[in-house]
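Okay, thanks for coming, everyone. I'll put the structure up and walk you through what I noticed.

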Amino acid sequence: MPLFDHLGELRMRLVRIVACLAVAVCVFYLASVTVIDFLIWPISEVLPQGTDGYGVLTTLDPFEGFGVRFKVSLWASIVACAPVILWQILAFFLPALKPNERKWFIPTFSAAVALFIFGTVFCYLIILDPAFQWLTDQSAGFAITQARASTYIDMIIKFEIGFGFAFELPLIVFYLVIFNVVPYKKLRGSWRTVYVALMVVSAMVTPDASPITMLLMFAAMVALYEGSLLISRIVLAKRIKQQNAELEAEEDE
């Protein structure tokens with residue numbers, strides 16, 4: 001299509017995405033209290049306890065409650081509308097892909113979504129509690145920690161997003177091998193360098209200064225890295241054999 005037709009189609013798809021998000025934000029804003037209760041459930045033990053025995057957050061000004069509810073409803077809407085958003089993006093770019101490129105899209109998309117969800121669930125069930133336990137314990141003996149709603153919710157969202165993206169590592173390793181960007185033999189032989197890089201990434205991705213959180217993420221990423229190499233070795237055995245032969249030929253020359 002001509003350039004202006006492409007721009008018109010892009011505008012149409014962006015309007016659909018914005019309209020979908022606007023409706024979803026309104027719906028989730030009404031249910032935002034329930035969503036917040038769900039988000040803080042793993043850390044309820046480190047929160048001040050209300051009269052009903054459940055952890056409660058604190059707002060310090062009249063506008064903070066609205067800001068927290070809007071932020072939560074916006075992120076919940078992005079998650080809920082993700083199929084619509086991704087479909088609109090796919091429908092815009094897919095016609096430009098070649099047939100041999102299209103066959104990789106659905107497996108890649110499915111794996112990326114599954115890994116991201118796995119990362120957020122891992123963070124929710126395993127990471128949040130020890131991370132907030134360590135952080136709140138640092139104030140013991142000299143201060144009382146107030147559970148400010150905006151700070152706690154913002155930290156939880158950053159944790160979830162950070163771990164979700166960090167768990168995309170197996171997909172990156174798989175495509176490095178399959179497209180021969182970095183041969184399997186080099187990835188396998190450079191494990192010390194990779195481990196140091198994963199430690200640095202773990203320190204950068206975790207939004208707090210907790211060594212507990214960083215080590216837990218590092219352990220998870222090492223397990224994902226080793227697992228992705230094992231899967232690549234099984235699934236791409238022929239390609240890896242060919243890569244090894246090419247590397248040996250280059251060394252002989």
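**Starting from one residue**

So, let's begin at Ile231, which is partly exposed, with a relative accessible area of 49%. Keep in mind as we go that this is a predicted model. Ile231 sits in helix H11, the stretch covering residues 211–235. Pro170 is 61 residues away from Ile231 in sequence, yet the two C-alpha atoms are 9.1 Å apart in space.

**The overall picture**

Let me zoom out. What is the protein built from? Twelve helices and zero strands. If you read along the sequence, the pattern is just α-α-α-α-α-α-α-α-α-α-α-α. Now, why call the protein more spread out than a compact globule? Because the radius of gyration is 23 Å, and that's well over the 18 Å that the globule rule gives for 253 residues. Along its principal axes, the C-alpha trace spans about 75 × 55 × 25 Å.

How much of the protein is buried? Of the 253 residues, 33% are buried. The accessible surface is about 15500 Å², and carbon and sulfur atoms account for 71% of that. And if you take the contacts with a separation of 6 or more, 78% of them are between residues 24 or more positions apart.

**Helix H10**

Next, have a look at helix H10, residues 191–205. With 15 residues at 1.5 Å a residue, H10 should span 21 Å, and its end C-alpha atoms are 20 Å apart, which agrees. Which residues of H10 are buried? Those are Val194, Leu198 and Ser202. Look down the axis of H10 and its buried residues fall within an arc of 80°, so they line one face of the helix. What do they pack against? Helix H8, which is residues 169–178, and H11, where we started with Ile231. Go round to the face of H10 turned away from its buried side, and you find the exposed residues Arg192, Thr193, Val196 and Met204.

**A buried phenylalanine**

Over to helix H6, where you'll find Phe132. Is Phe132 buried or exposed? Its relative accessible area is 4%, and under 20% is what we call buried, so Phe132 is buried. Who's around it? Setting aside the neighbours within four places in sequence, Phe132 is in contact with Ile43, Val46, Tyr152, Met155, Ile156 and Phe159. Leu47 is worth a glance too: it's 85 residues from Phe132 in sequence, while the C-alpha atoms of the two are 9.5 Å apart.

**The salt bridges**

Right, charges. Side chains of opposite charge can pair when their charged atoms come close. How many salt bridges are there? The count comes to six, and I'll show you some of them.

One is between Glu9 and Arg13, with the closest N and O atoms 3.1 Å apart. Those two are four residues apart in helix H1, which runs over residues 3–30, so about one helical turn separates them. Glu9 counts as buried at 17% relative accessibility, and Arg13 counts as buried at 13%.

Then there's Glu64 with Arg148, also a salt bridge, 3.1 Å from N to O. This pair links distant parts of the chain, 84 residues apart: Glu64 is in helix H3 (residues 64–80), and Arg148 is in the loop between helix H6 (105–137) and helix H7 (149–166). How accessible are the two partners? Glu64 is buried, with a relative accessible area of 6%, whereas Arg148 counts as partly exposed at 32%. And there's a third player here: Asp61, Glu64 and Arg148 are linked in a network of salt bridges.

Last one: Asp154 forms a salt bridge with Lys71, where the closest N and O atoms are 3.2 Å apart. Asp154 lies in helix H7 and Lys71 in helix H3, so this pair ties together parts that are 83 residues apart in sequence. Asp154 is partly exposed, with a relative accessible area of 23%, and Lys71 is partly exposed too, at 31%.

**To wrap up**

So, if you take a few things away: twelve helices with zero strands, a chain more spread out than a compact globule, and salt bridges that include links between helices H3 and H7. That's me done, thanks!

Conventions:
Residues are numbered from 1 along each chain as its sequence is written. This is a predicted model: local features need pLDDT of at least 70, side-chain atom pairs count only at pLDDT 80 or more; totals for chains, interfaces and linings use all residues. Side-chain values use heavy atoms; hydrogens and water are left out. Buried means under 20% relative accessible area, exposed over 50%, partly exposed in between (1.4 Å probe, protein chains only). A salt bridge is a side-chain nitrogen of Lys or Arg within 4 Å of a carboxyl oxygen of Asp or Glu. The expected span of a helix is 1.5 Å times one less than its number of residues. The arc is that of the directions from the helix axis to the C-beta atoms. Contact means heavy atoms within 4.5 Å. The radius of gyration is taken over C-alpha atoms; the globule rule is 2.2 Å times the number of residues to the power 0.38. Accessible areas come from the Shrake-Rupley method with a 1.4 Å probe; for residues, only the protein chains shown count as cover.
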